[in-house]
Amino acid sequence: MGKRRSQSQSQLLSTLTKKQKKHLRDFGEEHPFYDRVSRKEAKPQICQLSESSDSSDSESESEGEPEQVSGYHKLLATLKNVSEEEEEDEEEEEEEDSIVDDAEMNDEGGGSDVSVEEEMAAESTESPENVPLSADPEGKEDGEGPPGTSQASPEEFTDAKHESLFSLETNFLEEESGDNSSLKASQDPFLQHVNKELKEKEIQAVATNPKTTHELKWPILGQLVFSSKFQKLETFKPPKGIDLKSLHLQKPLESAWTKTNSQFLSGPQKSSSPFTPLQKELFLIMNSYRDLFYPESTALKNGEEIRHVYCLHVINHVLKANAQVLGNNSRRRSQKFGVGDDDDFRDQGLTRPKVLIVVPFREAALRVVQLFISLLEGDSKKKIIVSNKKRFQGEYGSDPEERPPNLKRPEDYEAVFVGNIDDHFRIGVAILQRSIRLYAPFYSSDILIASPLGLRTIIGGEGEKKRDFDFLSSIELLIIDQADIYLMQNWEHVLHLMNHMNLLPLDSHGVDFSRVRMWSLNNWSKYYRQTLLFGALQDAQINSVFNKYCVNMQGQVAVRNVPMTGSISHVLVQLPHVFQRMEAENLASVIDARFNFFVNKILPQYRDAVMSHTLVYIPSYFDFVRLRNYFKKEELNFTHICEYTQKSGVSRARHFFLQGEKQFLLFTERFHFYKRYTIKGIRNLIFYELPTYPHFYSEICNMLRATNRGEEATWTCTVLYSKYDAQRLAAVVGVERAAQMLQSKKNVHLFITGEK
């Protein structure tokens, strides 16, 4: 018997993929996404659903900043011991994730007779697709998240072989690598920025100074808002023409940029300017070292175009900074001993990392590194040196065959979830002239590329023994790309990162204090840090981060275009839309006001059995848990689907709702973001809150097309909103109609006839 069992176990193991074996080894069981479903048509078993799913422990990450009172004195005290200290090798936790593949459903169009169970059985035979759910609003520890969450391995690879080759302390500026004239030019924006000395009075006045703003309209970017808390606010308009020499690019970038960016240029534009109109205006703001918030970057349209231009800015910044250090190394070597205390040699921060790029998935990190290589190679026939390139491509690349060939999803979904979408990673990149070192230890890196989850696991929390955030102390350029996706992952990780930016380090890390800039020693780095924030939408949480944490002395620039037409114009079904306004005293009371309004005013209208097939769309997971508990307490006939629901639970919930055996379906926005299933059988829609993504509104409404014909007259759609939902409301109904709705306290009824 034991022999027969061992044979069956060995046969089972032979059919598992590497990722399945890893999950089996780590957790002692197969992942539920790999449950085997028979192809047989079987009548689904009707059973009482267990509603005791995930608990709703509130996540509290109110991390306090480490004490900074004695940080400056501690740094100075280590000055005499700097020469005796050996550079420590960085030890970090491995982020080599074991993403659990998720078998996707293929949703048929309306009118299909295929049952939900048959659909699920067919989907289980397809190749799985990775869609991680990194966000954990319940505050679970890593490794306890929902299905698909990345898991960290015990060790992390770092390149220890090329330390001396990429060291800034032991290398010198090569004459043949190009002159340093751009660094000596008085008009170079890099030198103007890092050499500008702030005064103590200016720093003290920042806390009390009101923010001065000025609005300008640019041809491509549209409405811009320039703002600053420093006394002098300077604005500018883009010139008609642009010359590469006037941009003070480092020598290899002038020729490399034209070649790298050629895919976005066409016709006469290719010869007239190396930038697209959008890139030109964005780079002019970047090159002025102002903070920038651009909320119209989408993966489907202009995301790659914007990635090219900020990578150019990153490489230009790093090459200039390193050239300044290497040039001063040469000067110090040529001068007599004892002249090293001259302030002219102050050219560094307290730690080496100077650029942090935050991206959501490994695919984005892969594209960023590929752009770095292209920009450094340029027109030269000689390939640049890239260490650990093969390993990097293996860990950050993807296999096209893993994607199901017949998977049908919207275009924006395909653009976001392309390639390797593991969301738990971090990697250090060192650049020295025309060489790139991948997997460099953080304290030997110039550029850090990471996801919010990858940074959160190394920054740690208050009270944790093994945590490190000193590498963030001297970040001069912070880029947060695709910020809207972090709202669907875990926004708390972004806030946690921002709270640890540019703090005084707890250790010296072998720094030569005679080379550290004074504003860095004074803990004023945050006033010199440039932050570039890109996203696909205007959102209050993203705006809050930009307004609170971006205090660059050069000022801030935010793009504030208003949507003239809302996503409601893309609704294709004949559907009456009722917008119910609720009142709240302040922003803090909106959550309770919305719940009470829904329970007392909206829900009683749908309790009748006639109002069956009601889907409640809930953007916030916390609101979902609250409503689920209330429905259970009131013993309402309902089912639910959230991002933590297992595949079998999703199948049962869809079947019960389609057959009318469950009157209500509670449906979370994050589940829709990661899956995009078509829910059939909807007759009544309730938007508990306006969607985060405007196009989700039309997508959910258009799901009614999958309902049986002849029932259009009974369809309803109810939307809850308050005056604090102005941005989301404008994105759905348009800015003019939203202004009228916010001024009037009456409920608004709209009827969309749909398109033929």
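## A tour by selection

Start by selecting Ile 568, in the loop between β11 (556-559) and β12 (575-581); helices (H or I, at least four residues) and strands (E, at least two) are DSSP runs, numbered from the N terminus. The model is predicted, so local features need pLDDT of at least 70 and side-chain atom pairs count only at pLDDT 80 or more, while totals for chains, interfaces and linings use all residues. Residues are numbered from 1 along each chain as its sequence is written, and side-chain values use heavy atoms, with hydrogens and water left out.

Ile 568 is buried, with a relative accessible area of 3%. Buried means under 20% relative accessible area, exposed over 50%, and partly exposed in between (1.4 Å probe, protein chains only). Add Gly 734 to the selection: its C-alpha is 8.4 Å from that of Ile 568, although the two are 166 residues apart in sequence.

**Strand β12.** Select 575-581 next. Six of the seven residues of β12 are buried. Show strand β17 (residues 716-721) as well: it runs parallel to β12, and five bridges join the two. Strands count as paired if DSSP finds at least two bridges between them. One bridge to inspect joins Phe 579 to Val 719 in β17.

**Helix α21.** Select residues 621-633. The 13 residues of α21 should span 18 Å at 1.5 Å a residue, and the end C-alpha atoms are 18 Å apart, which agrees; the expected span is 1.5 Å times one less than the number of residues. Colour the buried residues of α21: Tyr 621, Asp 623, Phe 624, Val 625, Leu 627, Arg 628, Tyr 630 and Phe 631. They pack against α20 (590-606), β13 (614-618), β14 (638-641) and β15 (664-668), where contact means heavy atoms within 4.5 Å.

At the N-terminal end of α21, Ser 620 is the cap, with a side-chain oxygen 3.3 Å from the backbone nitrogen of Phe 622. A polar contact is a pair of N or O atoms within 3.5 Å; within protein, one must be able to donate a hydrogen and the other to accept it, and residues adjacent in sequence count only if both atoms are side-chain atoms. After the helix comes Glu 635, whose phi is positive, near 55 degrees.

**Gln 663.** Move to the loop between α22 (647-659) and β15, where Gln 663 is found. What does the side chain of Gln 663 reach at 2.9 Å? The backbone oxygen of Asp 608. Gln 663 is buried, with a relative accessible area of 12%.

**Aromatic rings.** The whole structure holds 33 aromatic pairs. Rings of Phe, Tyr and Trp (its six-membered ring) pair if their centres lie within 6.5 Å; planes under 30 degrees apart count as stacked, over 60 as edge-to-face and the rest as tilted. Select Tyr 413 and Phe 417, a tilted pair at 4.7 Å centre to centre with 45 degrees between the planes. Then add Phe 673: its ring centre is 5.4 Å from that of Phe 417 and the planes are at 65 degrees, so this pair is edge-to-face. Phe 417 lies in the loop between α14 (411-416) and β6 (426-432) and Phe 673 in helix α23 (residues 669-675), so the pair ties together parts that are 256 residues apart in sequence. Both Phe 417 and Phe 673 are buried. To see the cluster linked by ring pairs, extend the selection to Phe 361, Tyr 413, Phe 417, Phe 673, Tyr 674, Tyr 693 and Phe 696.
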